[in-house]
Amino acid sequence: MDALIEKLKGQIIEQLNLVEVKPADIKPDAPLFGEGLGLDSIDALELIVLLEKHYGIKIQNPADGKKIFESVRTMAEFIKSNGKD
Amino acid sequence: MELIITSYCKIKRNTIYLEGNKIISSNSENPSYFFAEAYKTLELNYPKFHKMDMLSKLGFLATETLLSIPKAFGTEFLLRNNLNQISIILSNHSSSLDTDRIYQKSISNKDQYLPSPATFVYTLPNIVIGEIAIKHKITGENAFFVSEKFDAELLVNYTQELFKEANTNAAICGWVDYDDANYEAFIYLVEKATDSIKNANFKALNQTLLNQLFL
């Protein structure tokens with residue numbers, strides 16, 4: 001799980017153009033939206049693209065997004081649960 | 001009502017000029033590197049800048065130069081005027097064509113159809129106005145014109161109308177054009193010539209002056 005979390009941090013930084021953020025700045029359990037990284041709604045759409053591009057996962061129910069994208073750890077758990085790590 | 005230009009900025013050929021004076025210059029021929037260098041030099045500390053498309057970065061840098069250089073007259077612009085009475089009127093030749101092409105390329109491969117929402121949101125030229133407005137919480141009128149070349153007559157007339165008819169007390173105006181690594185920005189601040197800000201150095205807004213400053 002830790003390796004997947006570290007990989008995800010790099011992919012999030014690249015996908016969202018977080019030029020001033022380093023992987024170490026992203027805490028696995030910190031909220032991605034609001035506080036924490038302070039991502040916005042367009043970033044949420046980019047994270048959906050990230051999951052499809054790198055892991056071939058399509059989110060079927062948009063309502064699940066809030067839970068999946070709560071933190072890097074919840075994203076990693078979702079990827080694991082889909083057997084795509 | 002006399003309108004005056006209280007400050008202006010130009011960006012072209014790897015150089016930023018404030019009121020005619022060179023303030024940032026780079027050897028980099030690559031606009032991405034030059035814009036990043038300028039962002040750093042101006043100490044803007046606004047991470048969203050890195051997510052903007054090139055047109056928005058260009059307009060943002062020109063406006064920030066006007067509003068943030070210490071001791072420049074423009075730094076007090078936002079304090080002198082109510083944010084809901086500041087209008088933003090911009091124009092260019094290439095619209096958002098540069099970003100449109102990037103987006104078009106991303107949707108042309110049907111086997112790997114993964115268009116970027118973050119790119120899509122910049123496929124309109126007036127998004128640069130939104131970026132400036134969001135940064136400074138400006139909520140006045142706004143307009144973006146696309147024309148063959150810099151149209152001083154249009155900009156002067158439209159600005160004068162806004163000051164007369166709309167709830168406008170100040171304006172950020174100009175030209176922001178970016179396409180295929182060619183770029184040029186000319187942004188100027190317009191305010192009413194009140195006693196408190198009238199100064200011999202400020203010049204009345206008119207077409208001749210605009211064309212001279214644009215060159």
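The following legends describe close-up views of a predicted model.

**Figure 1. Salt bridge between A:Lys58 and A:Glu52**. The view shows a pair in chain A whose closest N and O atoms are 3.9 Å apart. A:Lys58 is exposed, with a relative accessibility of 54%. Its partner A:Glu52 has a relative accessibility of 27% and is classed as partly exposed. Over all chains, the count of salt bridges comes to ten. Side chains of opposite charge can pair when their charged atoms come close.

**Figure 2. Salt bridge between B:Glu184 and B:Lys12, joining two strands of chain B**. In this pair the closest N and O atoms are 4.0 Å apart. B:Glu184 belongs to strand β7 (residues 182-192) and B:Lys12 to strand β1 (residues 3-12), so the salt bridge ties together parts of chain B that are 172 residues apart in sequence. B:Glu184 is partly exposed, at a relative accessible area of 21%. B:Lys12, by contrast, counts as buried because its relative accessibility of 17% falls under the limit of 20%.

**Figure 3. Salt bridge between B:Glu161 and B:Lys164 within helix α7 of chain B**. The closest N and O atoms of the two side chains are 3.7 Å apart. Both residues lie in α7 (residues 152-165), where they are three residues apart, about one turn of the helix. B:Glu161 is partly exposed at 38% relative accessibility, and B:Lys164 is exposed at 55%.

**Figure 4. Surroundings of B:Ser91 in strand β4 of chain B**. The strand that holds B:Ser91 covers residues 86-92. With a relative accessible area of 2%, B:Ser91 is buried. Leaving aside residues up to four places away in sequence, B:Ser91 touches B:Phe144, B:Phe145, B:Leu155, B:Gly174, B:Trp175 and B:Val176.

**Figure 5. Crossing of helices α7 and α8 in chain B**. The axes of α7(B) and α8(B), the latter formed by residues 207-214, come within 9 Å and cross at roughly 130 degrees. This angle makes α7(B) oblique to α8(B), because it lies between the range for roughly perpendicular helices, 65 to 115 degrees, and the range for roughly antiparallel ones, over 145 degrees. The crossing of α7(B) and α8(B) is right-handed. On the α7(B) side, the contact is made by B:Ala152, B:Glu153, B:Leu155 and B:Val156, while α8(B) contributes B:Gln207, B:Leu210 and B:Asn211. By class, the residues of this contact comprise four nonpolar, two polar and one charged. B:Leu155, a member of the α7(B) side of the contact, is also one of the residues that B:Ser91 touches.

**Figure 6. B:Asn14, a residue with positive phi in a loop of chain B**. Most residues other than glycine have a negative phi. The phi of B:Asn14 is near 60 degrees, a positive value in a residue other than glycine. B:Asn14 lies in the loop between β1 and β2, the latter being residues 15-18. Its relative accessible area is 7%, and B:Asn14 is therefore buried.

**Figure 7. B:Ala181, with positive phi, in the loop between β6 and β7 of chain B**. For B:Ala181, phi is near 70 degrees, a positive value in a residue other than glycine. The loop that contains B:Ala181 runs between β6 (170-179) and β7. B:Ala181 is partly exposed, with a relative accessibility of 39%. Strand β7, at one end of this loop, also holds B:Glu184 of the salt bridge with B:Lys12.

Conventions. Residues numbered from 1 in each chain as written. Chains lettered and ligands numbered in written order. Predicted model: local features only at pLDDT ≥ 70, side-chain atom pairs only at ≥ 80, totals over all residues. Heavy atoms only, no water. Buried < 20%, exposed > 50% of the residue type's maximum accessible area, 1.4 Å probe, protein only. Helix = DSSP H or I, 4+ residues; strand = E, 2+ residues; numbered from the N terminus. Contact = heavy atoms within 4.5 Å. Axes fitted to C-alpha atoms, helices over the stretch in contact; angles between N-to-C directions. Parallel < 35°, antiparallel > 145°, perpendicular 65-115°, else oblique. Left-handed = near helix turned anticlockwise from the far one by under 90°. Nonpolar A, V, L, I, M, F, W, Y, C, P; charged D, E, K, R; others polar.
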